[in-house]
Structures are given as structure tokens and as C-alpha cells.
Amino acid sequence: MYDHKTRILYVEDSLADINLFKEFIDDKVELTVVSDGQSAKSYLHRLKQTKSHFPNLIILDINLPEISGFELLNLIKKEQRLKFIPTVMFSSSDNQRDIKDAFSQAANGYVVKPGDLGDYSRAIETFMNYWVYTCKLPQEQ
Amino acid sequence: MLSKVSTFKTVLENLSDGISIIDKEGKHVWINKAMATITGFTKEELLKSSPPHIYWPEEELDTIMKALGETMEGKFRNFELIFVRKSGVRFPVLVNPSPIENDEGEVQYFVATVKDLTEVRRVQHELDDLAYNYRVLHDNTSELICRHELDGRYKSVSPSSIRITGYRPDELIGRDPYEFIKEDHLEQVRQNLHEQALAGNDLIRTQYEAKRKDGTIIWLDTITKTLLDENQKPTELVTISREITELKSLQTKLEENNRELKRSNMELENFAYIASHDLKEPLRTIDNYVQLFEMRYSHVLDDKARQYFEFIKSSAKHSIQLTEDLLNYSRLNSSEFPYKEVDMNEVLENVCSQLQSRIAKSQAKLVYDKNMPSLVGSHILLSRLFINLIANSIKFKSEEKPLIRIAVKETINAWQFSVSDNGVGIPKKSRKEVFEIFRRLRTTDDEKGSGMGLTICKRIVEKHQGEIWIEANEPKGSTFKFTISKHLKESTNV
């Protein structure tokens, strides 16, 4: 059932965070990392053009240069072909306003980057398990 | 039948004024009772006395002799003289002499009425004093006191008008006060002061701007009083006005300063928020990598390197804690915490469940009255307040198991809560400073906090318009007391 690879798009500009993330995902995951909103846009556009597989999960940092995580979220959730891709905000901010903004723009989750590494690995494991393996999603995209 | 003479005698005898009949030598021939009463001498003493009489004070002899002389010469008039009582006390009298003639028309005796003026003088003095006081007040008061017709026109004006308005009282009498009030305050004065006064509402007060004679504008603070006739109908109005121009300008300045202070305070808080918020991210990264480094490489470190690494690690942890607390503190000001009706029983239940592991670990006992009130406040902030106070009590426990009591009592304007413990207590001199930012008392190393817990408590209490303070608990430990105002309003904007 899980024979095909899990594809994750992670939009993050901090090298340290990218590195850390990589530490905690297994090799079954095909991870694409882009470091700004514009690259993320072009990446998704390219997938559409080439009719390639869309990612199973998109993880967005909020503070990104130029196009912010929220703008990207908005873009994804408005696009007919992308809107059902589980999109989780992954930020160091636990500001209520950010959290409210995320959910009111139809984010599928909001995770505050944990300080503790144990918590960090559990967080990634949990939301990946849920959105990629547990949750039933619409097929038509 | 009563003889005329005896009737007269009885009347004279019983008059309240003194009566004395003297012969041409000035010796008493007859005196009434009042003469004795007034002077304090007995009738016998008086009848024995000859000029200078025993009730003539030595220093008045000249004056009295002169009066007697005039009388003897047939010049009858009233004399105001000073007599002396037997006790030595001098007192004023009004003496009114007249002649008594014999059948041949010769003057044989003189009769004098002697009126004791002591009481008259006393009352007169009192009246003079009163009049003087009123004059002094009226003439010298710094306030402007005016009487007005019902339509407002001046009936009388105190001299202070010169200083306050530049007009002399006589320049104002008969004129309409509305001439002098600044246009944009006319309606206010008419409605708030004049109409209220006419409706019989006393001591109404209003503040407005008026024009002085020289054209400068002053602020007046005026209070009214309505005078009523016996049918309770207003007859005239009295106003007392105080010039408050300087007060007003100070007030305006104060308000400006306050606004500025608020603005810069907000800026500072904003800065604290942004700084701590932005610092959090790199600090978390440091923390993450410190842990990752430890996981992957601690086995290859020698003792010295491990020691250095431990320093880095604990500093990173501490910085994160500080930043986190600073962030929480500066966030208290945001509108994130709406005020709603809060059931304090629920707050404390929530607090207990959040502190469960800490309470269990320290074997603490938490006791509180199950009849906590409902009040308006922020559920989240009030929970945090109790969590911080209880955590503080646990942190500073004595060698005994912590026993923490929470109680509440109602006062007129607030709810007063107390959190008492049996911990190490806080020395009197530190009881204020523990609430200051980043202030930390002695703790063991593993309890090291940022010292923000109590500062946050203070801030939360202040946001609920209350106060927080520490008292010693008997026989040991501390009692934290704080109030939450009963006058808070529920937030409407959320």
C-alpha cells in the first residue's frame, strides 16, 4: 500500500531548519526543498505543466523572503488542482494571530517548531503519519 | 387702694435698668435693686458712698466728674461711661440723667437711669465681626462671587472681578454674562448651568472659556446656587467662579505627556515583543543543534570539550527561557486576551490540571474553597496568574511538603485572593522587588528561572485593575495577596 514514494514539498529558507528536518524523515520520503515563495510557485507550476505527481504534503514556513508562507498558502488553496494537498504551516511563531490566519486560509495544520528534539521528531512523525497515511483525502485533484 | 407713689416705687424698684436718685452733692438718696445688681455692691454700700462713688473707676474719674458737673449745671444728655463692679471688672453703661424739681420749680434731685451695655456691646461686636468677615471674604476672595437676575444679568459682583475679568464690578452690573462667554461654550453654559439652576438644581458646576476685558481668554470653573422664595420659586442665582486657566493648561500638558508616555510605552512593549519574537527563532535553532550535536558527537568529546559544551547548552536553555518569558510578558498587552465572565472555580480546576505533574512530583497539597466567585477577567491570564503563584510556592518550598492554600474575600470594589504557602518565605525587604522584571531570588540551580514569573503576575493583576503584594504567612512561608477589580467590562471587540 505504501509502495510508491511519499512526496513532500518543504518551503523553508533556513538551512539549519532544512537540515534538521532531513535528520528526522526516513528514506521512503522524496523530499523537495525550496527556499522561497517564488521557487515554490514555479515548482508547483512546473509539476502542473509536466503533469507530474503533486506532493502528498506541503510544509510551509511563514517567514519567507518576498512571497510569505501565507501568500503561498492562499495560492495553493485557491488553485483547483492544488487545494486538496494537505498543507501544514511549520513556524517558530506561536502567535495567535498567525495561527488564526493560517486556519482561516484553510491550512490543514499548524505546528510550532519545537525546541526539544524529541518533540521535533514526534511532531514530524505525527503530522506525516496523519496527512500522508491516515487521512482520507479527495482523489480528484 | 394703691397710692401712686408706692406703685411708681415698685415699678422703679423692679426695672432691669439701674435707677439712682442723687442730691446736689451727688450722694445717693435712693437706688433700685438693679443698681446693686449691675454694680455688684449692696444697696447699703451704695447708699453710704459719696462722690467719687465706689463704682467709679479711678482712671475714669475725670470723665465721670465732668458728666456730673454738666448735669449739675443743668445740661442733661446721655453719657456713655465706664463703671467698675465690686469684682473690679470695668463695664460700659449708658447714663441718662434728668432733674427732679420741688414745688417751687427748683432742682432738688437728679434721677439717672443706668443701663448696663455689656450685652449690647457683645452682640454689637459679634455683628461687627460677622460683617467684617463677610466683607473681607467678599472683597478679597480669589473667587468671583456674583448675584444674578433669573435671566443671568449681574446684580452684584465681587471686587475680584477686576483681577479675574479685568472689569470693575460696576462695569458688569446690569450686563448679560453671555456677552463674556466664548461662543463655543455658550450652549454648554446655558444648558449645564443656567437652565439647571433655574430648574432648582443646586451646586451644578461647569468649566468654560470666557473673554477678559483685554480680550484674552481664561478658563472659569463655575458653580451655581439658586435662591428661592417662600413658595420655592427661584428669585435669583448666585455663582461662584474660580479661574482655572493655569490648571487647564497644566491638565492639557499632562494629558499630552500621558499620551506620549503611553505611546512610548507601547513602542517599548512592541519592541520587546518583536525583539523576543525574532530572537526566539535563532535561539531555537541553536538549541536544536546543541541537542543534535550532543546526540551525534558527545561520545567523541574529551572532558574539557564536554565541559565547554555543557556551558553552551545551559546558556542556550537559559536564553530561550528568558526570551520566552519576555515574549509572554510583552504579549500580555495585546488584545489576545478578551475579558469575559470567568468562573474562578473553573480557572482553579484548569490550573490544578495544568500543574498536576508538578504538584505530584513535589508532593504538594493544594487547598481551596470550592465556592470561588465568578468575575469579569481573562480566563487565560487568571489561570496563568495562579499557575505562576503556585509554581512559585512549590519552587520555594521549605523542607516540609508544600501546603498551598487559596482563599478569596469580597471587598467593596474588588475580589481579594490570597495564595499562602509554608515555604521558605520572602524577607521583608525583598517583598517589593520580587515583582520587578528579571529579579530572581536564591534558587537551586535546577530551579533556575528567568525571574519573570512574578513580574508577569504583577502585570496580569494590573491588567485587572488590581494590586499584588506579599505578606508573611504564620508560622512560616509567604502569602501572596492580589485584588481583581469588580468594575471590569467584558470585551466587545472579540
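Between chain B and chain A, the count comes to 5 salt bridges, a salt bridge being a side-chain nitrogen of Lys or Arg within 4 Å of a carboxyl oxygen of Asp or Glu. One of the pairings joins the side chains of Asp17(A) and Arg284(B), at 3.0 Å from N to O. This is a predicted model, in which local features need pLDDT of at least 70 and side-chain atom pairs count only at pLDDT 80 or more, while totals for chains, interfaces and linings use all residues. Residues are numbered from 1 along each chain as its sequence is written, chains are lettered from A and ligands numbered from 1 in the order in which they are written, and side-chain values use heavy atoms, with hydrogens and water left out.

Now for the rest of the interface. Polar contacts between chain B and chain A add up to 12 residue pairs, both at pLDDT 80 or more; such a contact is a pair of N or O atoms within 3.5 Å where, within protein, one must be able to donate a hydrogen and the other to accept it, and residues adjacent in sequence count only if both atoms are side-chain atoms. On the chain B side, helix H9 (245-297) and helix H10 (303-331) are the elements that give two or more residues. Helices here are DSSP runs of H or I with at least four residues, strands are runs of E with at least two, and both are numbered from the N terminus. H9(B) brings the largest share, 13 residues.

In contact terms (heavy atoms within 4.5 Å), 17 residues of chain B meet 17 residues of chain A. Glu281(B), Arg284(B) and Tyr289(B) lose the most area to chain A on the chain B side, together 32% of what that side buries. Buried area is the accessible area (1.4 Å probe) that two parts lose on being put together, summed over both, and for this pair of chains it is about 1500 Å², with 42% on carbon and sulfur atoms.

Asn95(A) is worth a look of its own. Asn95(A) sits in the loop between strand S4 (87-91) and helix H4 (96-104) of chain A. Its relative accessible area is 5%, so Asn95(A) is buried (under 20%; exposed is over 50%, partly exposed in between, with a 1.4 Å probe and protein chains only). Its side chain makes a polar contact with that of Tyr273(B) at 2.3 Å. Beyond neighbours within four places in sequence, Asn95(A) is in contact with Tyr273(B), Arg331(B) and Glu336(B).
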